[in-house]
Amino acid sequence: MKNNKLVKRLVTIFLALVVIACVIVPIPYYIEEPGDTINLKELITVNGKEDEHKGSFSLTSVGIRRATVFTALKSKVEPFHEIISADDLTGGASDAEYMQIQKFNMETSQNFAIEQALKLADKPYEMTYKGVYVLGVEKNSNFADKISVGDTVTKADGKTFTSSEDFMKYVKSQKVGQEMKVTYVHDGKTKEATEKLIKLPTDKKPGIGITLTDHTEIDSQDKVKVDAGNIGGPSAGLMFTLEIYEQLTGKDLRHGEKIAGTGTISPDGEVGRIGGIDKKVASAAASDNKIFFAPNDEITKEMEKAQPGIKSNYEEAKAAAKKLDTDMKIVPVKTVQDALDYLAKMK
């Protein structure tokens, strides 16, 4: 009898520990869910002044949290919740590298948005090239233990460049195995590293072994301040542009309406595709927005072949709005000018 009671007690304790583990122990998956909808009046000022017009332009976000067995199972039945693997989320990057990339994407989004708003407002500006931003480092790179994701490479062999294309052209004009001195900025400090160039697997040309892009900054007499906090990624580009443009011109674009949306912004004003738009629609609807701008991106044959059944962001947003049974209007846009044209007709 005593042995039976002991066994039952141990089984009960074991089951309790299993339940607790299912609730609190993280697994290598994440849950994407509707995030915050944030009024951009709270984040953006131009020339030290705030937006005083009625209504709002808001960015929308996707909430991401580490999954447990319990929350993963729960998300299966919750609308607009999705389980994704760590690799699918980060692309194989470490958590620190992923956060650095998201931070850079946000900074780039802000720069492009400021540039577009200044262009539309016919305000003078200059785009300053700061160097090559490091998005990834190859494992076989001789610089792998020195240069990190998030660093900015400013010189090669003491030479400066005006674009990442010029930088790559110089590096590829050298020889595999040749030593190169690279100057870079890490955590605000300028450093140097000298290592041998490797043969790149893509084109068999010499290279440092990094994935890179231009690191630029806007210089204008109009001072635009964006305080995005810990928000990352490029998807607020369109809404940043609209808010900055309204403040630069003093025009009342919204006419008192609450307007949300999403989409990247390119240097030529095109609005690009983003992920998780259904969750952003859910977030915007919950915040009582009346209009939602969605990228009306083109689905190519290559995209259809790689992902059968893929839909445009606009189609995904319309489906989400229908599922929510919301009267929030989904407006398709290919460019920032499309959004401005729609706003002009609201008068």
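**Exercises on a predicted model**

Leucine 10 sits in helix α1. The model used in these exercises is predicted.

**Exercise 1.** Determine which helix gives the most to the nonpolar surface patch.

Solution. Begin with the members of the patch: Leu6, Leu10, Ile13, Leu17, Val19, Ile20, Val23, Ile24, Val25 and Phe70. Together these residues have about 920 Å² of accessible area. Next, compare the members with the helix boundaries: α1 covers residues 2–24. Eight patch residues come from helix α1, the most from any element.

**Exercise 2.** Decide whether serine 220 is buried or exposed, and list its surroundings.

Solution. First, place the residue: serine 220 belongs to strand β11, residues 210–220. Second, apply the cut-off: buried means under 20% relative accessible area. Serine 220 has 8% relative accessibility and therefore counts as buried. Third, look for polar partners of the side chain. One is the backbone oxygen of proline 124, at 3.3 Å; another is the backbone nitrogen of aspartate 222, which lies 3.0 Å from a polar side-chain atom of serine 220. Finally, leaving out residues up to four places away in sequence, serine 220 touches Leu118, Pro124 and Tyr125.

**Exercise 3.** Compare the span of helix α6 with the expected value, and state how many of its residues are buried.

Solution. Helix α6 runs over residues 237–249 and has 13 residues. From first to last C-alpha the helix reaches 18 Å, close to the 18 Å expected at 1.5 Å a residue. For burial, 12 of the 13 residues qualify, so α6 is mostly covered. The buried residues include Phe240, Glu243 and Glu246. After α6 comes glycine 250, with a positive phi near 75°.

Note on methods:
Residues are numbered from 1 along each chain as its sequence is written. This is a predicted model: local features need pLDDT of at least 70, side-chain atom pairs count only at pLDDT 80 or more; totals for chains, interfaces and linings use all residues. Side-chain values use heavy atoms; hydrogens and water are left out. Patches are made of residues with over 30% relative accessible area and no salt bridge: like charges are joined within 9 Å, nonpolar side chains (Val, Leu, Ile, Met, Phe, Trp, Tyr) within 5 Å. Accessible areas come from the Shrake-Rupley method with a 1.4 Å probe; for residues, only the protein chains shown count as cover. A salt bridge is a side-chain nitrogen of Lys or Arg within 4 Å of a carboxyl oxygen of Asp or Glu. Helices (H or I, at least four residues) and strands (E, at least two) are DSSP runs, numbered from the N terminus. Buried means under 20% relative accessible area, exposed over 50%, partly exposed in between (1.4 Å probe, protein chains only). A polar contact is a pair of N or O atoms within 3.5 Å; within protein, one must be able to donate a hydrogen and the other to accept it, and residues adjacent in sequence count only if both atoms are side-chain atoms. Contact means heavy atoms within 4.5 Å. The expected span of a helix is 1.5 Å times one less than its number of residues.
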